[in-house]
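The following exercises are to be worked with the sequence and the coordinates at hand. Each task is followed by a solution in steps.

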Amino acid sequence: MNNYKDLLILSSALLSVTPIQAAAPAKPNVIIVLTDDQGMGDFSLYGNPVIKTPHLDALAQEGVSFNQFHVTPMCSPSRAALLTGRNPLENGVISTCQGLHSLREGFPIMPETFTTGGYATGMFGKWHLGRNWPSRPQDRGFQMTVALHGFGTTGISNRWNNDYVDTWVMENGQERQTKGFCTDVLFDEAMAWMDKQAEAGKPFFTYIPTNAVHFPYWAPAEWSAKYSHTLNPEFFAMVANLDDNMGRLDSFLEKRHLKDNTILVFLTDNGPVGGFSTHNAGMTGTKATPWEGGHRVPLFVRYPAGGITGGKVIEGLADVTDLYPTLLELCHLNAPENAKLSGISLAEVMTGKTTIPERLQITQFQRQTLSPQEAAIMWGDWRLLWSDSLYNIKEDLAQKHNVAEEHPDIFARMWREYIKRYYALREKATTAPPECIGSAYQNEVVLDASYWLELRADGQDQVRNGQLSIPEGGAWKIKAMRSGKYEILLRRWPVESGLGLRDAAPPFQSKCSGKPVDAGVAIPIVQASLDLDTLRYTAKPANDPTAVRFEVDITEGEHQLHGVFRDGEGKALCGAFYAYIRLL
């Protein structure tokens with residue numbers, strides 16, 4: 001195989017920044033709607049036999065759609081790739097936990113660039129890119145934020161027992177409770193904010209990353225009743241509700257005479273979970289797999305004033321990192337000098353002036369360890385998976401026939417290019433950034449188990465069951481911004497739960513239709529240990545039965561912190577799932 005020519009990787013540079021057409025406004029509005037865990041088969045446009053998505057189908061028919069658009073098979077990496085315009089191997093967000101889901105410094109993201117360009121910027125929905133400074137949405141260019149942290153309402157970083165009805169959100173860093181079903185609320189608040197910007201004559205950049213249709217599958221009874229004949233009525237109800245909200249958004253844009261001058265982008269963050277068994281658009285694979293169904297998703301773009309209309313289906317390999325340079329070109333903005341964007345602009349592709357160049361793309365994420373087993377290497381219609389399998393998705397969309405032996409030259413070219421990129425970036429990408437404490441921008445920092453190094457823990461169910469098979473839990477990497485004495489409260493349950501260290505959490509039933517959350521186990525905690533680098537401190541609960549309190553001196557710089565709950569003999573029972581830290 002070494003005798004074959006190396007693969008020529010064609011243009012990864014940005015296309016020149018030129019107006020799309022003379023009539024296009026200098027500063028069009030931008031709306032990006034990103035749904036969660038909605039696969040390509042979860043649309044009537046792509047043949048779903050159960051659900052009807054007329055408003056999303058209409059968007060594809062009014063604008064343009066892409067036949068081979070790819071994200072990462074997991075949500076945080078896709079979100080970071082979208083906002084940074086950099087591949088997950090480059091930007092370091094390669095997982096949904098283990099501390100590898102926080103946005104790193106040094107990667108300018110879209111709202112920062114649009115703010116500099118004179119736009120109002122707002123974010124309404126699921127963030128999942130860090131709950132602490134400097135990785136929160138309000139730290140990264142969003143002027144208005146209505147955020148859900150963690151993977152959704154039952155994510156470990158979200159409020160305890162948060163519901164899809166009357167959901168608690170973080171508005172510019174302050175917690176408040178909303179009224180109504182969460183997807184409706186996110187669209188309502190986004191439209192109200194956009195209305196204010198339009199009234200003020202301000203162009204806006206709006207990001208609406210919904211937590212639907214991620215589990216838990218909870219939906220208002222009036223929606224789920226329509227799908228009671230299916231195996232998963234709540235899932236289909238959530239999809240239908242999303243489509244309804246896209247219709248409401250379109251009506252808003254028309255009523256406010258904003259439709260022509262608005263770039264509306266719709267995509268999803270990875271392949272399916274709830275609907276793949278019903279219909280997967282002919283593909284194999286789901287979320288968290290490198291098969292085509294894990295990362296090939298819809299992309300619909302409409303911009304009437306810019307000539308992006310007509311229902312054209314665009315062929316060629318496109319990637320989520322292409323959206324940043326594309327929007328910069330459409331909005332006549334310059335990329336920050338340190339952006340080093342991975343993707344290419346698709347602006348002229350969407351107006352029919354050119355086609356997508358041939359190139360090799362990699363989609364990569366980490367579930368346990370960053371491995372070639374978790375990558376999909378893509379070149380035209382070719383897919384290299386599992387280090388030893390080659391498929392041609394034009395002839396074999398379901399990826400049933402491994403043709404590596406028939407095409408050794410193609411296999412070798414793709415594999416060599418992957419190894420060149422993979423090994424150059426692997427060490428940096430798998431090294432989690434520290435969580436900052438003691439900054440002037442955040443008085444109290446909350447570390448949860450999703451930031452444990454090396455151990456996966458990102459759901460409230462893992463807190464409920466105590467992860468008893470790993471009694472030591474995991475450690476956190478921290479960075480003290482200032483030297484001083486810090487108060488550290490170790491908790492089994494988050495403070496808003498009101499639960500004591502030794503309590504068992506009761507089951508939780510959503511106000512929506514859907515399955516309840518199971519009760520949690522009680523653990524006979526007597527004391528706790530706190531390791532700060534090589535120093536160990538021990539303490540017992542004092543006046544507060546919900547936490548074990550420590551006061552420790554921490555010097556400026558990076559450290560490792562590890563909290564463990566123990567019995568009276570000092571035996572480890574479970575890790576500390578939460579640490580509340582503040583500089584005294």
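**Exercise 1. A salt bridge of Arg256**

With which residue does Arg256 form a salt bridge, and how far apart are the closest N and O atoms?

Solution. The model is predicted, and side-chain atom pairs count only at pLDDT 80 or more.

Step 1. The partner of Arg256 is Glu199, with 3.5 Å between the closest N and O atoms. The cut-off for a salt bridge is 4 Å, so the pair qualifies.

Step 2. Next, locate the two residues. Arg256 belongs to the loop between α7 (233-255) and β8 (262-268), whereas Glu199 is in helix α5; the pair links distant parts of the chain, 57 residues apart.

Step 3. Then assign the exposure. Arg256 has a relative accessibility of 24% and counts as partly exposed. Glu199, at 64%, counts as exposed.

Step 4. Finally, look for salt bridges that share partners. One such network joins Glu62, Asp250, Glu254, Lys259 and Arg302.

**Exercise 2. Two further salt bridges**

Determine the placement of the salt bridges Lys126 to Asp36 and Arg176 to Glu189.

Solution. Step 1. The count of salt bridges in the model comes to 32.

Step 2. In the pair of Lys126 and Asp36, the N to O distance is 2.4 Å. Lys126 is found in strand β3 (residues 120-126) and Asp36 in the loop between β1 (29-35) and α1 (54-62), so that the pair links parts of the chain 90 residues apart. Both Lys126 and Asp36 are buried.

Step 3. In the pair of Arg176 and Glu189, the N to O distance is 2.5 Å. Because Arg176 is in strand β6 (residues 174-177) and Glu189 in helix α5 (residues 182-199), this bridge ties together parts 13 residues apart in sequence. The relative accessible area of Arg176 is 25%, so Arg176 is partly exposed.

**Exercise 3. Surroundings of Thr183**

Is Thr183 buried or exposed, and which residues does Thr183 touch?

Solution. Step 1. Thr183 is placed in helix α5.

Step 2. Its relative accessibility is 0%; buried means under 20%, so Thr183 counts as buried.

Step 3. Leaving aside residues up to four places away in sequence, Thr183 touches Ala212, Asn241, Leu242 and Asn245.

**Exercise 4. Burial of helix α9**

How many residues of helix α9 are buried?

Solution. Step 1. Helix α9 spans residues 323-330, and eight of the eight residues are buried. Among them are Tyr324, Pro325 and Glu329.

Step 2. It follows that α9 is largely enclosed by the rest of the structure.

Step 3. After α9 comes His332, with a positive phi near 60°.

**Exercise 5. The hairpin of β19 and β20**

Which way do strands β19 and β20 run, parallel or antiparallel, and how many bridges join them?

Solution. Step 1. Strand β19 (residues 527-532) and strand β20 (residues 535-539) run antiparallel and are joined by five bridges.

Step 2. For the register, note that Ala528 is opposite Ala539 in β20.

Step 3. The hairpin has two residues between the strands, and Asp533 takes a positive phi near 55° there.

**Exercise 6. Aromatic pairs and charges over rings**

Classify the ring pairs Phe43 with Phe266 and Tyr164 with Phe181, then find the charged ends that sit over the rings of Trp168 and Trp223.

Solution. Step 1. The count of aromatic pairs comes to 28. For Phe43 and Phe266, the ring centres are 5.9 Å apart and the planes stand at 80°, so the pair is edge-to-face. This pair links Phe43, in the loop between β1 and α1, to Phe266, in strand β8, 223 residues apart. Phe43 counts as buried at 0% relative accessibility, and Phe266 counts as buried at 1%.

Step 2. Tyr164 and Phe181 are likewise edge-to-face, with 6.2 Å centre to centre and 70° between the planes. Both Tyr164 and Phe181 are buried.

Step 3. One aromatic cluster is formed by Phe114, Tyr119, Trp127, Phe142, Phe205 and Tyr207.

Step 4. Over the ring of Trp168 sits the charged end of Arg159, 4.0 Å from the ring centre. Over the ring of Trp223 sits the charged end of Lys226, 4.2 Å from the ring centre.

Terms used:
Residues are numbered from 1 along each chain as its sequence is written. Side-chain values use heavy atoms; hydrogens and water are left out. A salt bridge is a side-chain nitrogen of Lys or Arg within 4 Å of a carboxyl oxygen of Asp or Glu. Helices (H or I, at least four residues) and strands (E, at least two) are DSSP runs, numbered from the N terminus. Buried means under 20% relative accessible area, exposed over 50%, partly exposed in between (1.4 Å probe, protein chains only). Two strands pair if DSSP finds at least two bridges between them. Contact means heavy atoms within 4.5 Å. Rings of Phe, Tyr and Trp (its six-membered ring) pair if their centres lie within 6.5 Å; planes under 30 degrees apart count as stacked, over 60 as edge-to-face and the rest as tilted. A charge sits over a ring if NZ of Lys or CZ of Arg is within 6 Å of the ring centre and within 35 degrees of the ring normal.
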